[in-house]
Structures are given as structure tokens and as C-alpha cells.
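Colleague: I am new to this structure. Can you show me how to read it?

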Amino acid sequence: MSIGTPNFIGSRLTEAREARGLTQTALAEVLGLTRAAISLYESGRSTPSSEVLVKISHALRVPMHRFLRAGDHIVPGTVFYRSMSAATKSARERAERRYGWLRETVSWLRHFVEFQAVRLPKFDVPTDPAAIAWEDIERLAAETRRAFGIGDGPISHMVLLLENHGCIVARQELGAHTLDAFSNWGTEDQTPYFVLGSDKASAVRSRFDAAHELAHCVLHKGVRAAQLRETTTHRLIEDQAHYFAGAFLLPREPFANDLFVPSLNALVPLKSKWKVSIGAMIKRAANLGFVSDEQEQRLFQNRARRGWASWEPLDDELELEQPRFLQRCFDMLLDSGVTNRDAIESELGLFVEDIESIVGLPTGYFGDSVQHYRFPRAAF
């Protein structure tokens with residue numbers, strides 16, 4: 001009779017399995033076990049033998065000691081996704097488990113690094129999204145710009161703007177078409193977290209994603225997770241975040257002054273200036289009444305006819321914005337000798353390949369021969 005593993009924590013197995021996007025049945029097939037055995041391990045009613053634990057560690061690519069170490073259970077609260085459909089449930093589970101790893105990593109870094117204070121504007125916004133008027137969103141987008149002290153011109157680096165105001169931003173591979181990005185206000189550390197997808201190569205769409213998630217932090221901080229499960233409410237919240245993102249990236253008067261002729265050809269140079277997609281500019285022009293409903297429809301039809309719906313002009317020229325703050329934290333710890341690769345793996349209970357992935361560090365960052373890239377300072 002095989003002997004189980006003392007101190008094995010079943011919830012750690014659930015966490016690692018979902019982080020890899022596996023069902024209990026799929027993991028059981030990989031390990032040569034039954035789904036019932038996996039269920040017993042995860043519920044704590046049974047523990048795997050040492051031999052099976054080794055197999056679990058290898059299959060899920062998680063250090064064995066992580067399954068034996070209790071950790072703070074981070075309850076994310078309200079997480080804002082573009083899609084709450086059943087089709088994306090497994091992708092959301094995977095994303096949230098990896099988000100939990102990101103939160104653990106940030107918590108660990110806080111022991112060594114003093115983080116910037118969060119400096120997002122606080123507005124008195126109704127907790128019921130239906131009570132938020134469109135003109136209020138327009139006003140709050142402008143007031144957020146003023147609070148950030150960036151004027152009404154183009155924003156040179158959206159991600160750096162968020163980081164400079166105390167937000168934690170990471171770029172990860174989210175692995176699902178409908179999960180371009182998500183955000184969450186961390187209740188434990190009172191910090192907004194933004195996870196942007198690395199799957200999409202379009203810089204302007206990713207910038208819009210960041211502005212969209214900023215909208216949730218500004219407009220929807222009081223929204224409960226249960227409200228997002230209501231289809232009508234979720235759709236309204238997403239529409240409001242889209243409107244805010246357009247208003248934040250394209251302030252009314254400067255955009256109006258640039259929009260001499262609402263044509264596709266005229267919007268291409270504006271994309272270079274404002275770093276906003278042509279599609280988003282069309283929608284913003286329509287929201288402001290600069291084009292009629294018929295003109296908006298015709299512009300989108302012509303955009304699709306040119307093949308720009310999935311890939312617009314300049315998409316291969318504008319550079320994807322990368323978060324910098326968390327990498328700088330690791331730069332400092334490693335370069336000063338405060339810690340090293342082995343200690344990081346031991347203390348976080350994750351292999352460095354996962355740490356690189358969830359934080360958005362360059363692949364191979366923790367390799368012995370890697371020279372850490374120093375990000376230059378940037379102005380807005």
C-alpha cells in the first residue's frame with residue numbers, strides 16, 4: 001500500500017492544474033490515474049504518494065515544495081473581462097490562477113522594494129452602471145487626464161503612464177481571442193492591476209485595452225462580481241469602458257481640430273499622431289457627432305473592404321508598449337546580490353520560466369548569461 005505525502009495541500013494542485021488549463025480528467029490521463037484520484041487529492045480527502053507527487057510536479061511544471069506550502073489565498077474580487085461567456089470560462093480560470101501568481105510575486109517584491117503610491121483620481125460614481133450618464137463619462141475622462149497632469153495632447157506611452165501612477169501592469173499570453181486584457185483592484189494592497197495580452201501584436205489596440213481597463217478602475221470600482229454575470233449590465237459596463245477609453249485617448253477639441261475630413265485616408269496620419277486605431281477613431285467621431293450614423297457605417301464598411309478590420313496601416317510600425325516597473329525591481333534585486341535565481345524559485349515556489357511569463361520579463365531573463373536591459377526614462 002502506497003503512503004501518502006504529509007502536508008500535501010490539495011488546493012495547490014487545483015491552482016496549478018487550472019493555471020495550465022487542464023481539467024481533472026486531462027491531468028489524470030497525463031499521470032495515468034483516474035479522475036476520481038485527482039478529485040480526492042484536490043479535496044484533501046487523500047494525498048498522493050511521493051512517486052505520484054514527482055509525476056505531478058513534472059506534468060504541471062511546478063516545484064514540488066509548492067504543493068507542501070500553505071500560502072495566502074488571494075480573493076481577486078471583481079475581475080473585469082471583455083467576455084463572460086461559457087466558452088471563455090476555462091481561459092478565465094487559467095488567467096485568474098496565473099494572476100494569483102502575479103499577485104504573490106508582487107507581494108514578495110514588496111518586502112524588498114518600496115512601491116509607488118497609487119495616484120488614480122477618486123470620483124463619486126454611482127455603483128449602479130445604469131445611473132452613469134454618457135456625458136459624465138466624457139467629463140470624467142477629461143478630469144482623469146487633468147489628474148494625471150498630461151494635458152490634451154497624444155499620450156506617448158500609455159503603460160508607463162499607468163505605472164507612474166502606482167498601477168501594476170504585466171503583459172502575459174492570455175491564450176484566448178476574447179481575453180485581450182483584464183483588470184482588478186487588489187483589495188489586500190489597494191492597488192489596481194492591469195494584465196495586458198501579449199497574444200495581440202497591435203500596439204494601438206493594446207493601448208486602447210489599457211485605457212479600457214483604466215475606465216473600469218475609475219468608473220466601476222464599486223461594481224460587484226455578481227453584477228457582471230448579468231448580461232445586460234456586463235454589456236453596458238463594457239460599452240462605458242469603451243467610451244471612456246476613446247474620450248481619454250482622443251480628447252474632444254484636439255481631435256476635432258485634427259479631423260478635417262472624416263475619410264480613411266485622412267485617419268492614417270492621425271493614427272500615427274494619436275496612436276489610436278482607425279476603427280477607434282471612427283467610433284469616437286461618431287460618439288461626438290462628427291459623422292452621421294450613415295457615414296460611420298460606410299467608413300467601417302470601407303475599412304473592412306480594404307482588409308483593415310484585422311490589420312490596419314502602421315500596425316507593423318508602431319511598437320508594442322512594455323511594462324517596466326516590475327522588471328526594474330528584479331534588476332535591482334539581482335544586480336545588488338540581494339537574491340538569485342535559486343532563491344527566487346524557492347521563495348516563490350515557481351520556476352523562473354513562469355515568473356518570466358506572468359511578469360512579462362524577456363524569455364531567458366534569469367539565465368546566467370543574460371545582461372539585464374536597462375529601460376531609459378521617458379517623458380509623456
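Modeller: We go from the whole chain to its largest pocket. Keep in mind that this is a predicted model.

Colleague: How many helices and strands does the protein chain have?

Modeller: There are 17 helices and 4 strands.

Colleague: What does the radius of gyration tell me about the protein chain?

Modeller: Set it beside the value for a compact globule. For 380 residues, that value would be near 21 Å; the protein chain has 23 Å, which agrees. Look at the principal axes too: the C-alpha trace spans about 80 × 45 × 45 Å along them.

Colleague: What share of the residues is buried?

Modeller: Buried means under 20% relative accessible area. Here 51% of the 380 residues pass that test. The accessible surface comes to about 18000 Å², and carbon and sulfur atoms hold 51% of that area.

Colleague: How do I read the contacts by separation?

Modeller: Take the contacts with a separation of 6 or more. In this chain, 75% of them join residues 24 or more positions apart.

Colleague: Now the largest pocket. What is its volume, and which residues are closest to its centre?

Modeller: The volume is about 960 Å³. Its lining has 35 residues, and Arg82, Asp180, Phe208, Asp209 and His242 are the closest to the centre.

Colleague: Which helix gives the most to that lining?

Modeller: α10 does, with 9 residues. This helix covers 231-249. α8 (203-219), α13 (278-287) and α14 (293-305) each supply at least two lining residues as well.

Colleague: How do the lining residues divide by character?

Modeller: Count 11 nonpolar, 12 polar and 12 charged.

Conventions
Residues are numbered from 1 along each chain as its sequence is written. This is a predicted model: local features need pLDDT of at least 70, side-chain atom pairs count only at pLDDT 80 or more; totals for chains, interfaces and linings use all residues. Side-chain values use heavy atoms; hydrogens and water are left out. On a 1 Å grid over the protein atoms alone, a cavity is a set of points where a 1.4 Å probe fits but cannot get out, and a pocket is an open set with protein on both sides within 12 Å along at least five of seven lines; lining residues have an atom within 4 Å of a point. Grid points are joined across faces, edges and corners, and a volume is the space filled by probe spheres set on the points. Ala, Val, Leu, Ile, Met, Phe, Trp, Tyr, Cys and Pro count as nonpolar, Asp, Glu, Lys and Arg as charged, and the others, Gly among them, as polar. The radius of gyration is taken over C-alpha atoms; the globule rule is 2.2 Å times the number of residues to the power 0.38. Buried means under 20% relative accessible area, exposed over 50%, partly exposed in between (1.4 Å probe, protein chains only). Contact means heavy atoms within 4.5 Å. Accessible areas come from the Shrake-Rupley method with a 1.4 Å probe; for residues, only the protein chains shown count as cover.
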